[in-house]
Amino acid sequence: MCIRSSSGDWGVFVQTLIISCFIALIQFTSASLLDKLQNNYLVSDFHELIRTDPVANSTLQLRSCTLFVPTNAAVRKYNGTILVSYHMATVPMTVRQLTKTIPSDFEGNPLLYITRNRKGEVYVNNAWINQTESTEIVTQENKRQVMHVINDVLVPLTLLPTARTQVTNPNAWEFLQQSDLFDVQENRLRTYRSQVTLMRKESLYQSPGGHTFFIPVDEGFKQTTRSSLVDRKVIDGHVILNSVLFSAAQSTEDTHTTAAFEDNIKVTVNFYYDNDKKLYVKSNTLVGDSKHSTGVVLAQVLKANIPVSNGVVHLIHRPLMIVDTTVKQFLEKNFGCNSFQSLVDNKNGALRRFYEVIMEIGGEVLDDINSLGDVTILAPSNEAWNASNIENIIGNREKMRDIVNMHIIKGRVDVEKIKQSNENMIGQFPTIHSSTFLYFNVNGDDTNEVVTVEGGGVNATIIVPDIAQTNGFVHIIDRVLGVPYTTVLGKLETDPMLSDTYRMGQFSSFNDQLNNTQRRFTYFVPRDRAWQKTQYDYPSVYKKLFMKDFAYHSRCIMERHLLIADDIYTMKTLAEMTKKQNDSIILPTFRDSLKIKVEEEVENLHDDDSTSWTGYVILWNYKRIRVFRPDVECTNGIIHVIDYPMLEKKDIVVSGENQIY
C-alpha cells in the first residue's frame, strides 16, 4: 500500500513540523529555573527565598547547576534559617546522574550525600527526592539546569553566632574536637572526646571517605564509672565504615556492621523508631568477651544527620555497647525516662507508660524486680497501653499488678535461649505471676526472624529484643499481655503457632461461628507441630487434611475439639471434674460429645533450671495428649493449645477408597 500526497500537502506538513519543533524548543529553553519555580505551586515558598538571594539569582541566570528545592510544607515546618546555597551545586545532574557525593555551593563547598535504597528511592542527605517532579531545562545562555523537589530542608553544619574561630567543612574529628563552636543545641561532647583522645583513636574519625559516626553526649556519662568503660573496642562500635547513613533513607530492618567486627568481637548497629516516631540506635554485641557483654544497648538519637566532610554524625543520649545498669535502673533512669532526670522532668522515654503503670500500682514491682537477682522483662511499648480494653481496667490496682507480674520472668532469657527452648518443643517460661507462663514462638530465618510471646490470651511481637542489663534482659513488645482483645477466631487468625488449625477452619467454613460474641467457646486447638506429627503416624493424611476436597473430614475432626456450653472450661476445672468423677468426663461438643480424662503432671521446665511446673494431660482414646498452653483467654471463650489432634483412623476414611493412613 502506498500513500500519495500532493506537493501542496507536503509543504503544509513540513511547515507544521517546523512550528511544532520551534514550540518544543521554546518550552525546553527558558530564562532560568527561576521561571519554573515561580509557576510551581508546590515550591513557591522556596522561590521567594531564591528571589531575594542575589548569589542564588546570579547562579540561576548565568551558570549550569543542580537545585534541590524543598516543598512549601518542608519550608514551613523548618524553624531555622534556610541556607539556599546549600541546596545548589554547580554541576547539572538528573536523578540517574547523581553521584554519591556532590559539592554544594555553600561556603567551603560541603558535600551533599546521595543515598539510593532498595526500594529505588533516592535521597539527598535526609531529604527524599520526588523523582516525578524533577525538571531539566537549557537556558537562553545554553546553560543546563536541573531541579529536584525534596521533602525536607537541607541543613549544613553551622557555627554558633558567638564562635570566634572559623571552621569550614570539618571532618568528624574536627567536629568532635571543636564541637563547642557548632550549633548542636545544648549537647556537649567533651567526655567522649577525652576518651577518643585517651585511646588514641583520632585517626578513626579522621578517615577519608564516607562513614557514619555515633557520638554520645556528656549527659550519658553521669554514671561516674561509665566513661572508664569506653575503650578502643567500644569506640570502634560507634563507627560504621564506608556507609553514610542518614536516618530517613535507612530501613530499620537493615543491620550494619561496625568497625568492631572481627574474630573476637562482633558488633552491629541499626536504627529503630518507637511508636511516637522517636529515633533510636541500637548496638547488638553478637560476640563479646569478658569486658564487652553480649546483647542490645539502645540509645535515643538526640540530634541526627549532622553532615561532615567524611560522612554523617548522630548525637546519642548514652554510649553504645556498655552494659552497666540493672533492669530496675534501666526502667527508672535510662529508659523509663529518657535521661538521668526524674520522670517529672522528662516524659519522652520509650517505656514511659510501663514505668508509669508500675508507679501507679505502688512501685513495689521495682523492688520485686531488684530482689529477683537475674530477671527478664517483657516491656510493652508506650503505644501498647493505648488499647481501649486496657483503659477499662487501668484503675484496678490489683488487676494491674497481676498484669505487670505477667511480664516478668525470673532468670536471664534472651532470644538465643528462646530459640533453644523452641528446638526442644518447650518454649515456655514461668512468670512471677502465680501459675502463669509465657509461651514463645520463633519464625523466619536469622535475617528475618520474628519472635512472638503469648501470655494470658494475648499474642505480642518482640519489636526490640535482648536489651542487655547487668542482671538480665529487657524485650520491648507491641501489646500488653493478660488483657484479651480478640475473639476465638481473632486469636486463631493472629497466633503464628495456630495457623494450620485456622487454615483448616477457613476452607471448611468451620471458623465462621467462632466470631460470635453471644456464645462461650472452649476450644482444644492443635498447634502447628501437632498437625505435623500426624505426618509420621498417617503419612498420606497430612496433606489431604489441608485440601479443600477433604473439607468435610477436616470439619468433622474440628467439631470434636469445640465445646459448646453456657460457660468455659479451664484446665483446672476439667482436672477437678475428672478427680471428682474418678473416671472419664463427658463434655458437650459441636458434634455429639467428648469423653476425656484430664490429669495434672509435674515436670522440670528446663534442663538447666530446677523450676518445676504443673501441666495438664488429656487422656482420649488411649492417647496421652499434652496441653501445651492452657487457658488462653479470648473475649468469647477460652483456647487450650494441645500437642496432638484428637484424631481417629475412621476420621480419615474416604468413600470409595481404602483407609488412607
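1. A quick word on terms before β14 comes up: helices (H or I, at least four residues) and strands (E, at least two) are DSSP runs, numbered from the N terminus. Keep in mind that this is a predicted model, where local features need pLDDT of at least 70, side-chain atom pairs count only at pLDDT 80 or more, and totals for chains, interfaces and linings use all residues. Residues are numbered from 1 along each chain as its sequence is written, and side-chain values use heavy atoms, with hydrogens and water left out.

2. Now the second largest pocket. On a 1 Å grid over the protein atoms alone, a pocket is an open set of points where a 1.4 Å probe fits, with protein on both sides within 12 Å along at least five of seven lines; lining residues have an atom within 4 Å of a point. The volume is about 800 Å³, taken as the space filled by probe spheres set on the points, which are joined across faces, edges and corners. Of its 28 lining residues, Y78, V153, V155, K303 and A304 lie nearest the centre. Two elements, α5 (72-77) and β14, give two or more residues to this lining, and β14 gives the most, with six.

3. The lining of that second pocket splits into 16 nonpolar, eight polar and four charged residues. Here Ala, Val, Leu, Ile, Met, Phe, Trp, Tyr, Cys and Pro count as nonpolar, Asp, Glu, Lys and Arg as charged, and the others, Gly among them, as polar.

4. On to the largest pocket, with about 1,500 Å³ of space. It has 36 lining residues, and T255, N270, K282, E449 and P465 are the closest to its centre. Elements giving two or more residues to the lining include β12 (266-273), β14 (295-308) and β21 (458-469). The lining divides into twelve nonpolar, twelve polar and twelve charged residues.

5. Have a look at β22 (residues 472-477), where six of six residues are buried (under 20% relative accessible area, 1.4 Å probe, protein chains only). Both faces are covered, with G472, V474 and I476 on one side and F473, H475 and I477 on the other.

6. What does β22 pair with (pairing takes at least two DSSP bridges between two strands)? β16 (residues 375-380) runs parallel to β22, joined by six bridges, while β21 pairs with β22 in the antiparallel sense over five. I477 is the bridge partner of P380 and also of I462. β21 and β22 form a hairpin with two residues between them.

7. Lastly, helix α3 (residues 44-51) has D45, F46, H47 and I50 buried. Their cover includes α2 (33-38), α4 (54-62), β2 (65-70) and α5.

Methods:
Buried < 20%, exposed > 50% of the residue type's maximum accessible area, 1.4 Å probe, protein only. Contact = heavy atoms within 4.5 Å. Pairing = 2+ DSSP bridges.
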